[in-house]
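Student: I've just opened this one and don't know where to start. Can you walk me through it?

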Amino acid sequence: MKKISTPAAAIRYHHGDLRRALLEAAVKAPDIEHISLRELASGLGVSPAAVYRHFDGREALLAELAASGFAQLRERFAEALDLATPPADAAQAIERLRRLGVAYLRFADDQPAMWRLMFGTQAAPIRADASPTDLPTSYAYLPAALQGLYGAGVIPVPPAAADVLFTWSAIHGAAALRIGNVASAQGEVVQVGIGVVQRILRGIGAVILLPP
């Protein structure tokens with residue numbers, strides 16, 4: 001009797017392994033936003049039909065990737081800033097904002113394709129609800145850092161929504177320029193982050209500044 005061989009892919013990606021493999025392969029793609037499910041299927045040696053058993057379409061895959069990216073970014077922010085503990089003084093308040101800015105820049109440096117996906121049009125629904133859990137979203141940290149500046153006397157008035165937008169825009173812009181290899185945005189990430197934050201502090205009316 002002739003023995004029927006089982007394809008290696010069928011053995012490797014049983015019981016939900018294919019879903020994880022698809023996500024891992026997509027993360028490694030240089031242009032996540034424009035990846036196709038057929039490409040992923042071909043790269044993993046499975047049929048397109050097998051992929052559609054895990055994701056309804058490309059948008060569903062991208063949404064899950066973006067949600068994963070926001071969770072990773074939130075973890076980095078949590079390492080930089082404890083939401084439950086206000087800064088003890090002005091120096092600590094400024095340092096918290098510096099660490100947050102550097103964490104954002106490092107994430108973009110480490111995962112440029114993921115960063116572009118998270119803040120591109122594909123992820124707009126995910127940004128509207130960046131975390132489906134009871135954990136703070138990645139959006140909670142910047143307002144907390146600015147509020148800490150006010151509480152420590154670094155800025156004279158409570159931060160407004162425009163201050164949050166201005167701060168985010170400056171750091172986000174620096175991240176985009178670094179990804180685009182713009183010469184003036186290159187350099188050691190901590191020094192770039194500290195420099196950007198120093199100018200942000202001036203822009204939002206800080207009455208206390210620390211040397212860069």
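Tutor: Sure, one term before we dig in: a residue counts as buried when its relative accessible area is under 20%. Keep in mind, too, that this is a predicted model.

Student: Okay, so what share of the residues in the chain is buried?

Tutor: Use that cut-off of under 20% relative accessible area. The chain has 212 residues in total. Of these, the buried ones make up 40%.

Student: And how many helices and strands does the chain have?

Tutor: Reading along the sequence, you meet the pattern α-α-α-α-α-α-α-α-α-α-α. That gives 0 strands and 11 helices.

Student: Where do the buried residues of helix 9 sit around its axis?

Tutor: The buried residues in helix 9 are Y141, L142, A145, L146, G148 and L149. An α-helix has 3.6 residues a turn, so residues three or four places apart point the same way. Here the buried ones cover an arc of only 150 degrees around the axis, which means they lie on the same side of helix 9.

Student: Which helices help cover those buried residues of helix 9?

Tutor: Buried residues have something over them, so look at what covers that set. The cover includes helix 5, helix 6, helix 10 and helix 11 (189–203).

Student: Last one: how many charged residues are in the lining of the largest pocket?

Tutor: That pocket has a volume of about 200 Å³. There are 13 lining residues, and those closest to its centre are F77, Y104, S138, L142 and W168. Sorted by type, the lining has 11 nonpolar, 2 polar and, for charged residues, none.

Key:
Residues numbered from 1 in each chain as written. Predicted model: local features only at pLDDT ≥ 70, side-chain atom pairs only at ≥ 80, totals over all residues. Heavy atoms only, no water. 1 Å grid on protein atoms, 1.4 Å probe; cavity = no way out; pocket = protein on both sides within 12 Å on 5 of 7 lines; lining within 4 Å. Points joined across faces, edges and corners; volume = space filled by probe spheres on them. Nonpolar A, V, L, I, M, F, W, Y, C, P; charged D, E, K, R; others polar. Buried < 20%, exposed > 50% of the residue type's maximum accessible area, 1.4 Å probe, protein only. Helix = DSSP H or I, 4+ residues; strand = E, 2+ residues; numbered from the N terminus. Arc of directions from axis to C-beta. Contact = heavy atoms within 4.5 Å.
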